[in-house]
Amino acid sequence: MTSAITADAAVEGGEVAAGVGHGSTDPLEREIFRYTAASITEELEGNITRTAYSPLIQESQDYCVSLVSADYRPFMQSEASIPIFVSDMGEVVRDAVAVIGVDTLSPGDVFVTNYGSGQHLNNVVLGAPLFHGDRLTAYIAIRAHWADVGGLVPGGQTMAARSIFQEGTRYRGLRLMRAGEIVPEVLATLQANTYQREALTGDMMAQLGACVLGARRWTERVVARWSADETTALIAAQLAASEAFARRAIRDLPDGVYSDERRWQFDFGGVAVDMAFRLEIRIEGDRMICDLSGMPPQTTLPINCGAIGGAMAAVRLAFRYLIGGDAPTDGGFFAPLEVIVPPGTIVSAGEEAPMGFWNMTMPLLIDMFVAAIGNTHPERVPASHFGSIGGLMISGRRESGERWLMVEGLIGGLGAECDADGYGPVKCLMLGNMKGIPLEMAEARYPLRYRSISLDRESGGVGKYRGGPGAAKVIELLAPCSVDTYPEPAVPAKGLAGGGAGKLSSVRVRRPGSDEWLPLAGSSAQIGPLPAGTLIRQISGGGGGWGRPDSDSGQEKVA
């Protein structure tokens, strides 16, 4: 049986398409409301960055801040939000509120959930209802990557996991704060189910403080200016305008059927993986349908993701990249997009499937969506990018016995375009403008030393325009550490219009007293502890090239 996930499932009968509230709201008021809402999310973004404990949130900004309507449609998010986090926030809030009961919510409540989205359990949402008097008019929802929520190993991500229950603790609609007071037994339970109590508490309090501040700013900036009915109409008008923008953009694309196919072949902790992926897009006037029926079945390996936070989130993000423009990334923008995905695939797995490395498939789906258009109209899109999270997870214990964990992500090359070389090195497309942890901070917090960071200009695929470059980092362990890393599928970034593929990413290790760099192969659990003096070299891939190289370009010809 096939299910269709639509971007606006909460609205029946085409209310947004009909523009409910659009004609009855003043254009100037609509813009004032839009920027008022943006001022709230931007302030909260800065507050979280300033107050969070973990470098992953404080520096890398691995979080998102969003506002969601009373009928669960996102209508605003902060500029620095992780792109893949944004589009499913309405459904996450909907599930939590269904558990709690919307009629039991009151001002000053904050709930916590990491259930139902289909991402790894570290991605935890704190949400709060926003009121006009006694009437609930919206929610604030903040998702952040918590360093640890329990599981088989610190951080929860391990190749050994064969069930979601081995990857950490699930929270579903727990009320962390009631009427402005923290619920102590809930807080104690969260703190009891982590290897890193201090980090969890510090990051959670940053989110909690932002929820409280957001509710205050909603009262000061929105409630003080607009009534509940006016606010509801203004939200509906913005969503209608965003939908109209997206429909116009789709109409500018040629009708037809577009497709792309990829294959994964790699070793995952001693298990051979061979998976075929197919994606199909149909454009019909001002509608776009993305069919993921050709995805491989879910697996016992922890590389699955769920339909909402996986399939839908990746396709929506790719659609956002394709359409571009300055319309808000909200529920209305995605209304013309339909995602078809049968249950039980690797991107629509059941709720008990292991999902620790859920984000491995997200860059692949984004590239496939873009390439599906590019295979027919290469002038409209870039070639594929290096497409890897490349998480390198290094952990250990301090002299006090406290556990620590650092995550080092990859920065690689983007694909070349019809008129420009690819850019890089940067984070992969699912992470957008996510920053890295400053070397000085990492070295001050953890027993590590960065020996070198170098640009690999030859890693991008050849072509008329070359793919973006990757980079190589060499990290020295100053104390015994355990190391885990994302597996790297043997799928280099595809070129477009005859361009060459980029080089692959990889991780190599050189032990003390050895001159040989060996692959850091996956195992059934974390590798280690590796001794002090071990060197780890993390190499990122380059982007695909665009077009066949010119004869006078000095680049090698593509076969």
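Q: How many bridges join S13 to strand S14, and in which sense do the two run?
A: Six bridges join S13 to S14 (residues 403–408), and the two strands run antiparallel. Keep in mind that this is a predicted model.

Q: Which residue in S14 is the bridge partner of Arg397?
A: Look for a residue in the facing strand. For Arg397, the partner in S14 is Arg403.

Q: What should I check in the hairpin of S13 and S14?
A: Check the loop length and the backbone angles. Five residues lie between the strands, and Gly401 takes a positive phi near 95°.

Q: Which other strand is joined to S13, and by how many bridges?
A: Strand S17 (residues 481–485) is joined to S13 by four bridges, again running antiparallel. Within this pairing, Ser395 of S13 stands opposite Ser482 of S17.

Q: Is S13 mostly covered or mostly open?
A: Count residues under 20% relative accessible area; those are buried. In S13 (residues 392–397), five of the six residues are buried, so the strand is mostly covered.

Q: How is a sheet order read, and what is the order in the open sheet of seven strands?
A: Read it from neighbour to neighbour. The order here is S3-S2-S6-S5-S4-S7-S8, with antiparallel pairing. Strand S3 (74–77) and strand S8 (181–182) stand at the edges. Each has a single partner strand, so one side of each is left without a neighbour in the sheet.

Q: How many bridges pair strand S2 with strand S6?
A: Seven bridges pair S2 (residues 63–69) with S6 (residues 135–145), in the antiparallel sense. One residue pair to locate is Cys64 with its bridge partner Arg143 in S6.

Q: Why is strand S12 described as largely enclosed by the rest of the structure?
A: Use the burial count again. Five of the five residues of S12 (residues 337–341) are buried, so the strand is largely enclosed.

Q: Which way do the S12 residues point?
A: Sort them by side. Leu337, Val339 and Val341 point one way, while Glu338 and Ile340 point the other way. All of these are buried, Glu338 included.

Q: Do S11 and S12 run parallel or antiparallel?
A: Parallel: four bridges join S11 (residues 287–294) to S12. Ile289 has Glu338 of S12 as its bridge partner.

Q: Where is Leu317 found?
A: Leu317 is found in helix H9 (residues 307–323). Its relative accessible area is 7%, so Leu317 counts as buried.

Q: Which residues is Leu317 in contact with, leaving aside neighbours within four places in sequence?
A: Pro83, Ile84, Ile366, Leu429 and Met430. Take Met430 as one of these contacts. Leu317 and Met430 are 113 residues apart along the chain, but their C-alpha atoms are separated by 7.5 Å.

Q: Now the whole chain: how many helices and strands are there?
A: There are 11 helices and 21 strands. Buried residues make up 59% of the 559 residues.

Q: What does the radius of gyration say about the chain?
A: Compare it with the globule rule. A compact globule of 559 residues would have a value near 24 Å; the chain has 23 Å, which agrees. The C-alpha trace spans about 70 × 60 × 45 Å along its principal axes.

Q: What share of contacts join residues at least 24 apart?
A: The base set is contacts between residues at least 6 apart in sequence; 73% of these join residues at least 24 apart.

Q: What about surface and charge?
A: The accessible surface comes to about 20800 Å², with 51% belonging to carbon and sulfur atoms. The mean positions of the 48 positive and 64 negative charges are 3 Å apart.

Notes
Residues are numbered from 1 along each chain as its sequence is written. This is a predicted model: local features need pLDDT of at least 70, side-chain atom pairs count only at pLDDT 80 or more; totals for chains, interfaces and linings use all residues. Side-chain values use heavy atoms; hydrogens and water are left out. The radius of gyration is taken over C-alpha atoms; the globule rule is 2.2 Å times the number of residues to the power 0.38. Buried means under 20% relative accessible area, exposed over 50%, partly exposed in between (1.4 Å probe, protein chains only). Contact means heavy atoms within 4.5 Å. Accessible areas come from the Shrake-Rupley method with a 1.4 Å probe; for residues, only the protein chains shown count as cover. Lys and Arg count as positive and Asp and Glu as negative; His and the chain ends are not counted. The place of a charge is taken as NZ of Lys, CZ of Arg, CG of Asp or CD of Glu. Two strands pair if DSSP finds at least two bridges between them.
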